[in-house]
Protein chains: 2
Amino acid sequence: MYTISEIADLLGVSPHTLRYYEKEKIVVPDRDANGNRVYRNEHLTWLRFVIKLKQTQMPIAKIRKYAELYLEGEHTTTARLALLEEHQRAIQEQLHTLMATEKMLADKIAAYKQYIARMQNKQPT
Amino acid sequence: MYTISEIADLLGVSPHTLRYYEKEKIVVPDRDANGNRVYRNEHLTWLRFVIKLKQTQMPIAKIRKYAELYLEGEHTTTARLALLEEHQRAIQEQLHTLMATEKMLADKIAAYKQYIARMQNKQPT
DNA sequence: AGTTGACTTCGAGTAAACTCTAACGAATAT
DNA sequence: ATATTCGTTAGAGTTTACTCGAAGTCAACT
């Protein structure tokens, strides 16, 4: 059992953000007698998953869609699978782009270093 | 020599976006006698680079910073190098996250498929 | 009893990156 | 000559994902 700020600390997000995720129906924690939010381990696990999806550019709207399907029960299994497979493809595209750009940057960086080294030879301090 | 819409088509962005990039001082094309924008090959090359940076999550503000340094001349070489190296590190972190998430998704997808296959065995149509 | 601290809600505000609108001008097509 | 097409500007509007502020509640400490 965790309070909102405990969860926030554990995940490195702000309590504000967690309330926002609740408003967006992405994580809906329980409440105690005072009306305060109570997060359980399953919420924590789900939030870690959500954060991974977010870090890989899945928009909040799609994460909510997945959460909704999950709450709808077993008959949405294939829909959820499709959603995950779509995101997997998106990730693979991102990997492609990132690797290509990394290579390009590495080349550019090498060229800059060459240039700087050449300048230091010509005008020693 | 290209018009704004030719460049837009070549890059898959809208003319609006190109004007926005100009307002942000990221690409400042020439003008013809009528005051219309004229892009040359060097603008195209630079824009392709900008788009790669954007696709790998470099914020517009940093891209503009790099462009400014470039226009300031040779004495900003080390600053530009530092900027590129910083982004290279950011890319490497993204690669890490993406690969980890891809693995996680692949596992989850496999589990879903197993589950679906099991259901089809139990309740054949 | 009073203050502190953590929580609550609702609604407003912010930042980034576009995206669009309106009003206009110039060149081409009929 | 007029209509269409493509361009121009300044500025307003949109979307996404927070982020903050104000006003209030509640339990615990002093």
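Helices (H or I, at least four residues) and strands (E, at least two) are DSSP runs, numbered from the N terminus. I keep to that naming throughout.

**Entry 1: ground rules**

I am working with a predicted model, in which local features need pLDDT of at least 70 and side-chain atom pairs count only at pLDDT 80 or more, while totals for chains, interfaces and linings use all residues. Residues are numbered from 1 along each chain as its sequence is written, chains are lettered from A and ligands numbered from 1 in the order in which they are written, and side-chain values use heavy atoms, with hydrogens and water left out.

**Entry 2: the two lysines**

I started with the loops. Where does K25(B) sit? I found K25(B) in the loop between α2 and β1 (30-31) of chain B. Its phi is positive, about 60°, although K25(B) is not a glycine. I noted this because most residues other than glycine have a negative phi. K25(B) is exposed, with a relative accessible area of 55% (exposed means over 50%, buried under 20%, partly exposed in between, with a 1.4 Å probe and protein chains only).

Then I turned to chain A. K25(A) lies in the loop between α2 (15-23) and β1 (30-31) of chain A. The phi of K25(A) is near 60°, again a positive value in a residue other than glycine. K25(A) is exposed, with a relative accessible area of 55%.

**Entry 3: a threonine in a loop**

Is T76(A) buried or exposed? T76(A) counts as buried, because its relative accessibility is 4%. I located T76(A) in the loop between α4 (60-72) and α5 (77-122) of chain A. Leaving out residues up to four places away in sequence, T76(A) touches L69(A) and Y70(A) (contact means heavy atoms within 4.5 Å).

**Entry 4: where chain B meets chain A**

Next I looked up the protein interface. I see 34 residues of chain B in contact with 34 residues of chain A. The area buried between the two chains is about 3400 Å², and carbon and sulfur atoms give 75% of it (buried area is the accessible area, 1.4 Å probe, that two parts lose on being put together, summed over both). Which residues of chain B lose the most area to chain A? They are L98(B), L105(B) and Y112(B), together 19% of what that side buries.

For charges, I get a count of two salt bridges between chain B and chain A (a side-chain nitrogen of Lys or Arg within 4 Å of a carboxyl oxygen of Asp or Glu). One of them joins K113(A) to E85(B), with the closest N and O atoms 3.1 Å apart.

I also find twelve residue pairs in polar contact across this interface, both at pLDDT 80 or more (a polar contact is a pair of N or O atoms within 3.5 Å; within protein, one must be able to donate a hydrogen and the other to accept it, and residues adjacent in sequence count only if both atoms are side-chain atoms).

On the side of chain B that touches chain A, the elements giving two or more residues are α3 (41-55) and α5 (77-122) of chain B. The largest share, 27 residues, comes from α5(B). By class, that side divides into 16 nonpolar, eleven polar and seven charged residues (Ala, Val, Leu, Ile, Met, Phe, Trp, Tyr, Cys and Pro count as nonpolar, Asp, Glu, Lys and Arg as charged, and the others, Gly among them, as polar).

**Entry 5: DNA strand C**

On to the DNA. I find 16 residues around DNA strand C, the closest being S5(A), R37(A), H16(B), Y21(B) and N34(B) (near means a heavy atom within 4 Å of the molecule or strand). Of the strand C atoms within 4 Å of the protein, 73% belong to sugar or phosphate and the rest to bases.

I then checked phosphate oxygens of strand C. A polar side-chain atom of S5(A) lies 2.6 Å from one, and a side-chain N or O atom of N34(B) is 2.9 Å from one. The largest share of the surface near strand C, four residues, comes from α2(B).

**Entry 6: DNA strand D**

How many residues surround DNA strand D? I find 16, and the closest are H16(A), Y21(A), I60(A), S5(B) and R37(B). Here 76% of the strand D atoms within 4 Å of the protein belong to sugar or phosphate, the rest to bases.

A phosphate oxygen of strand D is 2.6 Å from an N or O atom in the side chain of R37(B). For I60(A), a polar backbone atom is 3.2 Å from a phosphate oxygen of strand D. The largest share of the surface near strand D, four residues, comes from α2(A).
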